[in-house]
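Got the viewer open? Load the model, pick a cartoon view, and let's take a walk through it.

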Amino acid sequence: MDLIKYVSDQTLDGNSELGDWNIRQAVRAVVLDMDNRIALMHIGKFNVYKLPGGGIDNMENIEAAFQREMLEETGCEVKKIRELGVVIEKRDEWKLVQVSYCYVAKVVKIGDLQLTTEEIAEDFSLHWVSDIGEAVKLVESSGSKRYDDKYIKIRDSAILQKAKNLFFKDHSNSTDGLK
(Lines give C-alpha, C1' and ligand atoms only; values in the text may rest on other atoms or scores of the structure.)
Protein backbone atom coordinates (compact mmCIF):
# COMPACT_ATOMS: atom_id res chain seq x y z
CA MET A 1 0.00 0.00 0.00
CA ASP A 2 2.82 2.41 -0.68
CA LEU A 3 1.80 5.70 -2.20
CA ILE A 4 2.88 5.55 -5.83
CA LYS A 5 1.61 8.90 -7.02
CA TYR A 6 -0.55 11.77 -5.86
CA VAL A 7 -2.56 13.23 -8.73
CA SER A 8 -4.54 16.45 -8.52
CA ASP A 9 -5.98 19.17 -10.74
CA GLN A 10 -2.63 20.96 -10.59
CA THR A 11 -0.93 17.87 -12.07
CA LEU A 12 -3.38 17.91 -14.98
CA ASP A 13 -2.75 21.63 -15.54
CA GLY A 14 1.00 21.00 -15.75
CA ASN A 15 1.78 22.80 -12.52
CA SER A 16 3.95 21.42 -9.76
CA GLU A 17 2.27 18.36 -8.34
CA LEU A 18 2.26 19.42 -4.72
CA GLY A 19 4.42 22.50 -4.81
CA ASP A 20 5.62 23.07 -1.27
CA TRP A 21 3.20 20.52 0.17
CA ASN A 22 4.49 17.44 2.00
CA ILE A 23 3.20 13.89 2.04
CA ARG A 24 3.23 11.99 5.33
CA GLN A 25 2.41 8.30 5.47
CA ALA A 26 1.15 6.76 8.71
CA VAL A 27 -0.32 3.59 10.18
CA ARG A 28 -3.32 3.34 12.53
CA ALA A 29 -5.14 0.45 14.15
CA VAL A 30 -8.14 -0.59 16.14
CA VAL A 31 -6.21 -2.85 18.54
CA LEU A 32 -8.10 -5.51 20.49
CA ASP A 33 -6.62 -7.20 23.56
CA MET A 34 -7.31 -10.79 24.68
CA ASP A 35 -10.65 -9.65 26.18
CA ASN A 36 -11.55 -7.75 22.96
CA ARG A 37 -11.11 -4.40 24.65
CA ILE A 38 -10.10 -1.53 22.34
CA ALA A 39 -6.88 0.44 22.83
CA LEU A 40 -7.19 4.23 22.87
CA MET A 41 -4.43 6.71 23.49
CA HIS A 42 -5.34 9.66 25.72
CA ILE A 43 -3.42 12.87 25.13
CA GLY A 44 -3.76 14.37 28.58
CA LYS A 45 -2.36 17.80 27.68
CA PHE A 46 -5.27 18.35 25.25
CA ASN A 47 -7.81 15.84 26.67
CA VAL A 48 -8.06 14.02 23.34
CA TYR A 49 -8.52 10.30 22.64
CA LYS A 50 -7.04 8.74 19.51
CA LEU A 51 -6.25 5.37 18.01
CA PRO A 52 -2.71 4.06 18.34
CA GLY A 53 -0.49 4.78 15.38
CA GLY A 54 1.82 7.28 13.81
CA GLY A 55 4.15 8.20 11.01
CA ILE A 56 6.15 5.89 8.81
CA ASP A 57 9.83 6.78 9.09
CA ASN A 58 11.96 7.47 6.04
CA MET A 59 12.98 4.21 4.31
CA GLU A 60 10.70 2.16 6.64
CA ASN A 61 8.14 -0.18 5.11
CA ILE A 62 4.51 -0.18 6.23
CA GLU A 63 4.71 -3.47 8.14
CA ALA A 64 7.79 -2.40 10.11
CA ALA A 65 6.16 0.96 10.90
CA PHE A 66 2.94 -0.77 11.95
CA GLN A 67 4.71 -3.10 14.40
CA ARG A 68 6.92 -0.28 15.76
CA GLU A 69 4.04 2.17 16.28
CA MET A 70 1.82 -0.43 17.98
CA LEU A 71 4.69 -1.46 20.26
CA GLU A 72 5.55 2.16 21.12
CA GLU A 73 2.01 3.33 21.84
CA THR A 74 0.38 0.20 23.31
CA GLY A 75 3.41 -1.70 24.54
CA CYS A 76 2.02 -4.73 22.70
CA GLU A 77 3.10 -6.98 19.92
CA VAL A 78 0.11 -7.32 17.61
CA LYS A 79 -1.07 -9.34 14.64
CA LYS A 80 -3.11 -7.76 11.88
CA ILE A 81 -6.60 -9.25 11.53
CA ARG A 82 -7.63 -7.23 8.52
CA GLU A 83 -7.04 -4.09 6.48
CA LEU A 84 -9.70 -1.42 6.98
CA GLY A 85 -8.57 0.97 4.26
CA VAL A 86 -6.81 4.27 3.79
CA VAL A 87 -7.69 7.70 5.18
CA ILE A 88 -6.33 10.73 3.32
CA GLU A 89 -6.17 14.05 5.13
CA LYS A 90 -5.40 17.29 3.28
CA ARG A 91 -4.33 19.76 5.94
CA ASP A 92 -4.24 23.13 4.20
CA GLU A 93 -2.82 25.05 7.18
CA TRP A 94 0.30 22.87 7.16
CA LYS A 95 0.35 22.12 3.42
CA LEU A 96 0.31 18.44 4.33
CA VAL A 97 -1.33 15.42 2.77
CA GLN A 98 -1.39 12.57 5.27
CA VAL A 99 -2.15 9.03 4.12
CA SER A 100 -3.03 6.63 6.96
CA TYR A 101 -3.10 2.88 6.36
CA CYS A 102 -5.68 1.47 8.77
CA TYR A 103 -6.09 -2.00 10.25
CA VAL A 104 -7.75 -4.08 12.93
CA ALA A 105 -5.19 -5.95 15.02
CA LYS A 106 -5.15 -8.40 17.91
CA VAL A 107 -2.66 -8.34 20.81
CA VAL A 108 -0.35 -11.36 20.90
CA LYS A 109 2.01 -10.19 23.65
CA ILE A 110 1.69 -7.43 26.25
CA GLY A 111 4.66 -5.27 27.17
CA ASP A 112 5.47 -1.73 28.24
CA LEU A 113 4.75 1.54 26.44
CA GLN A 114 7.69 3.03 24.56
CA LEU A 115 6.52 6.62 24.14
CA THR A 116 8.55 9.31 22.42
CA THR A 117 9.79 12.38 24.29
CA GLU A 118 7.04 14.45 22.63
CA GLU A 119 4.33 11.91 23.61
CA ILE A 120 5.56 11.92 27.21
CA ALA A 121 5.52 15.75 27.25
CA GLU A 122 1.92 15.71 25.96
CA ASP A 123 0.96 13.21 28.71
CA PHE A 124 0.03 10.24 26.50
CA SER A 125 -1.49 7.26 28.30
CA LEU A 126 -3.08 4.01 27.17
CA HIS A 127 -6.72 3.20 27.95
CA TRP A 128 -8.56 -0.05 27.20
CA VAL A 129 -12.27 0.40 26.42
CA SER A 130 -14.64 -2.60 26.48
CA ASP A 131 -17.31 -1.10 24.24
CA ILE A 132 -16.79 0.15 20.68
CA GLY A 133 -19.61 2.66 21.14
CA GLU A 134 -17.74 4.10 24.12
CA ALA A 135 -14.54 4.24 22.06
CA VAL A 136 -16.35 6.26 19.40
CA LYS A 137 -17.85 8.57 22.04
CA LEU A 138 -14.46 9.20 23.65
CA VAL A 139 -12.82 10.02 20.30
CA GLU A 140 -15.73 12.27 19.32
CA SER A 141 -15.83 13.99 22.74
CA SER A 142 -12.78 16.08 21.97
CA GLY A 143 -13.54 19.74 22.35
CA SER A 144 -9.95 20.70 21.60
CA LYS A 145 -9.55 23.62 19.23
CA ARG A 146 -6.01 22.53 18.30
CA TYR A 147 -5.69 22.08 14.53
CA ASP A 148 -4.35 18.50 14.78
CA ASP A 149 -7.11 17.40 17.11
CA LYS A 150 -9.88 18.38 14.70
CA TYR A 151 -8.40 15.97 12.14
CA ILE A 152 -7.77 13.24 14.73
CA LYS A 153 -11.41 13.36 15.82
CA ILE A 154 -12.83 12.98 12.31
CA ARG A 155 -10.22 10.46 11.11
CA ASP A 156 -10.34 8.13 14.10
CA SER A 157 -14.14 8.26 14.38
CA ALA A 158 -14.35 7.13 10.74
CA ILE A 159 -11.85 4.31 11.34
CA LEU A 160 -13.77 3.09 14.40
CA GLN A 161 -17.08 3.23 12.51
CA LYS A 162 -15.59 1.16 9.69
CA ALA A 163 -14.31 -1.42 12.21
CA LYS A 164 -17.68 -1.45 13.94
CA ASN A 165 -19.49 -2.11 10.66
CA LEU A 166 -17.11 -4.93 9.73
CA PHE A 167 -16.49 -6.64 13.04
CA PHE A 168 -19.34 -6.05 15.44
CA LYS A 169 -22.88 -7.40 15.35
CA ASP A 170 -25.63 -5.02 14.33
CA HIS A 171 -27.31 -3.11 17.17
CA SER A 172 -24.55 -4.00 19.59
CA ASN A 173 -21.72 -1.78 20.69
CA SER A 174 -20.06 -4.45 22.76
CA THR A 175 -16.87 -6.09 21.61
CA ASP A 176 -18.47 -9.31 22.84
CA GLY A 177 -20.36 -9.19 19.55
CA LEU A 178 -17.27 -9.64 17.38
CA LYS A 179 -18.28 -11.21 14.07
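Start with the pocket, and colour its lining by residue type: five residues are nonpolar, five are polar and 14 are charged. Keep in mind as you go that this is a predicted model.

**Stop 1: the largest pocket**

Show the pocket as a surface. This largest pocket has a volume of about 490 Å³, and 24 residues line it. To find its centre, select Arg 24, Lys 50, Glu 118, Phe 124 and Asp 148, the lining residues that lie nearest to that point. Now switch the cartoon back on: strand 1 (22–32), strand 4 (53–55), helix 2 (62–74), strand 6 (96–110), helix 3 and helix 5 each give two or more residues to the lining. Which element provides the largest share of the lining? That's helix 2, with four residues.

**Stop 2: zoom out**

Take in the whole fold for a moment. You should be able to tick off five helices and seven strands, running α-β-β-β-β-α-β-β-α-β-α-α from the N terminus on. Colour by accessibility and you'll find that 45% of the 179 residues are buried. If you have a contact map handy, look away from the diagonal: of the contacts with a separation of 6 or more, 68% are between residues 24 or more positions apart.

**Stop 3: Arg 91 and its partners**

Next, salt bridges; the protein has 14 of them. Select Arg 91 along with Glu 89 and Asp 148. The Arg 91 side chain forms a salt bridge with that of Glu 89, at 2.6 Å from N to O. Are these two buried or exposed? Both Glu 89 and Arg 91 are buried. Swing round to the other partner: Asp 148 also meets Arg 91 in a salt bridge, again at 2.6 Å, N to O. This second pair joins distant parts of the chain, since Asp 148 sits in helix 5 (residues 147–167) and Arg 91 in strand 5 (residues 76–91), 57 residues apart. Asp 148 is buried, just as Arg 91 is, and you've met Asp 148 already among the residues nearest the centre of the largest pocket.

**Stop 4: Arg 146 and Glu 122**

Now select Arg 146 and Glu 122, a salt bridge whose closest N and O atoms are 3.7 Å apart. Arg 146 is in the loop between helix 4 (132–140) and helix 5, while Glu 122 is in the loop between helix 3 (117–121) and strand 7 (124–129), so this pair ties together parts 24 residues apart in sequence. Arg 146 has 23% relative accessibility, so it counts as partly exposed; Glu 122, with a relative accessible area of 14%, is buried.

**Stop 5: Ser 142**

Stay in the loop between helix 4 and helix 5 and pick out Ser 142. Its relative accessibility is 7%, so Ser 142 counts as buried. What does Ser 142 touch, leaving aside residues up to four places away in sequence? Show Asn 47, Val 48, Asp 149 and Lys 153, and you have its neighbours.

**Stop 6: a salt-bridge network**

Finish with Asp 57, Glu 60, Arg 68, Glu 69 and Glu 72, which a network of salt bridges links together. Centre on Glu 60, in the loop between strand 4 and helix 2. The side chain of Glu 60 makes a polar contact with the Arg 68 side chain at 2.8 Å. Not counting residues up to four places away in sequence, Glu 60 touches Gly 55, Ala 65 and Arg 68.

Definitions and conventions:
Residues are numbered from 1 along each chain as its sequence is written. This is a predicted model: local features need pLDDT of at least 70, side-chain atom pairs count only at pLDDT 80 or more; totals for chains, interfaces and linings use all residues. Side-chain values use heavy atoms; hydrogens and water are left out. A salt bridge is a side-chain nitrogen of Lys or Arg within 4 Å of a carboxyl oxygen of Asp or Glu. Buried means under 20% relative accessible area, exposed over 50%, partly exposed in between (1.4 Å probe, protein chains only). On a 1 Å grid over the protein atoms alone, a cavity is a set of points where a 1.4 Å probe fits but cannot get out, and a pocket is an open set with protein on both sides within 12 Å along at least five of seven lines; lining residues have an atom within 4 Å of a point. Grid points are joined across faces, edges and corners, and a volume is the space filled by probe spheres set on the points. Ala, Val, Leu, Ile, Met, Phe, Trp, Tyr, Cys and Pro count as nonpolar, Asp, Glu, Lys and Arg as charged, and the others, Gly among them, as polar. A polar contact is a pair of N or O atoms within 3.5 Å; within protein, one must be able to donate a hydrogen and the other to accept it, and residues adjacent in sequence count only if both atoms are side-chain atoms. Contact means heavy atoms within 4.5 Å.
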